[in-house]
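Colleague: Could you pick the part you would show a beginner and take me through it slowly? Please explain the terms as you go.

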Amino acid sequence: MCFNSSIEWTTHTFNPWWGCTKVSDGCRNCYAEALSNRYGHSVWGAGKPRRLMSDAHWQAPLGWDADAKRTGRRARVFCASMADVFEEQAPPGQLARLWDLIRLTPNLDWQLLTKRPHRIAESLPPDWGRPAGDQSRSRIICRSCCRPVSIGRASSWADSPPSVKGD
Ligand code: SF4
């Protein structure tokens, strides 16, 4: 799913893939699994294939970034509403593709939500946070659905995290 978001704390929603495996009690009422099933995608659980997204879908954030640059107003991207980017079974190559996309969109503030904060450090790319003139890297916010985890620049959003993903 890739669309301008109606969620008040973000501007856009971007999913690098669909699917996940439940990891805690907080996953019991996972709306993303229910929505996936409703759309006929059997992508939940260990060993189930994830739903990959089209190239056109992956292009959309580049347009959002261009708009943000043109207007001078940074935009926020909620990533991901239908997956957990730090899950153990991330589809091969898709997480690296996401890091590349984030590097290419310095006018966007990416909001990565996860229930696997213990996997953040090992999943980040090795150049994460290096002051290399890449603004996006210092503005990404990671948080758990259970507790906020900020990496890089903190923000008022991280101080009052929204309640999502089966909380
Ligand atoms: S998407 Fe979030 S709430 Fe749903 S199963 Fe994955 S980690 Fe749990």
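Modeller: Let's start with one pair: Ala75 stands opposite Leu108 in S6. Before we follow that up, some ground rules. This is a predicted model, in which local features need pLDDT of at least 70 and side-chain atom pairs count only at pLDDT 80 or more, while totals for chains, interfaces and linings use all residues. Residue numbers run from 1 along each chain as its sequence is written. Labels such as S6 come from DSSP runs, numbered from the N terminus: helices are H or I runs of at least four residues, and strands are E runs of at least two.

Now, which residue in S6 is the bridge partner of Arg76? That one is Asp109. S5 and S6 pair in the parallel sense, over five bridges; two strands count as paired if DSSP finds at least two bridges between them. To get from S5 to S6, the chain passes through H3, and this β-α-β crossover is right-handed. Right-handed here means that, with the strands pointing away from you, the path from the first strand over the helix to the second runs clockwise.

S5 has another neighbour too. Strand S2 (residues 12–14) pairs with S5 in the parallel sense over two bridges, and His12 has Val77 of S5 as its bridge partner.

So is S5 buried or exposed? Five of its five residues are buried, so S5 is largely enclosed by the rest of the structure. A residue is buried if 20 or more other C-beta atoms lie within 10 Å of its own, exposed if 12 or fewer, and partly exposed in between, with C-beta atoms placed from the backbone. Both faces of S5 are covered: Ala75, Val77 and Cys79 are on one side, Arg76 and Phe78 on the other. S6 tells a similar story, since seven of its seven residues are buried, so S6 is largely enclosed as well. Its two buried faces hold Leu108, Trp110, Leu112 and Thr114 on one side and Asp109, Gln111 and Leu113 on the other. For scale, 32% of the 167 residues of the protein chain count as buried.

Several of these names come back in the largest nonpolar core, where Val77, Cys79, Ala80, Ala83, Val85, Leu108 and Trp110 touch the most other members out of 27 residues. Among the elements that each supply at least two residues of this core are strand S5 (75–79), helix H3 (94–103) and strand S6 (108–114). By nonpolar core I mean a set of buried Ala, Val, Leu, Ile, Met, Phe, Trp, Tyr and Cys residues joined through C-beta atoms within 7 Å. In soluble globular proteins, nonpolar side chains tend to be buried together.

Just past S5, look at the loop between S5 and H3, where Ala80 is found. The peptide bond from Cys79 to Ala80 is cis, with omega near 5°.

For contrast, find His118 in the loop between S6 and helix H4 (120–123). His118 is exposed, with 12 other C-beta atoms within 10 Å. Its C-alpha atom is 9.0 Å from that of Phe86, although the two residues are 32 apart along the chain.
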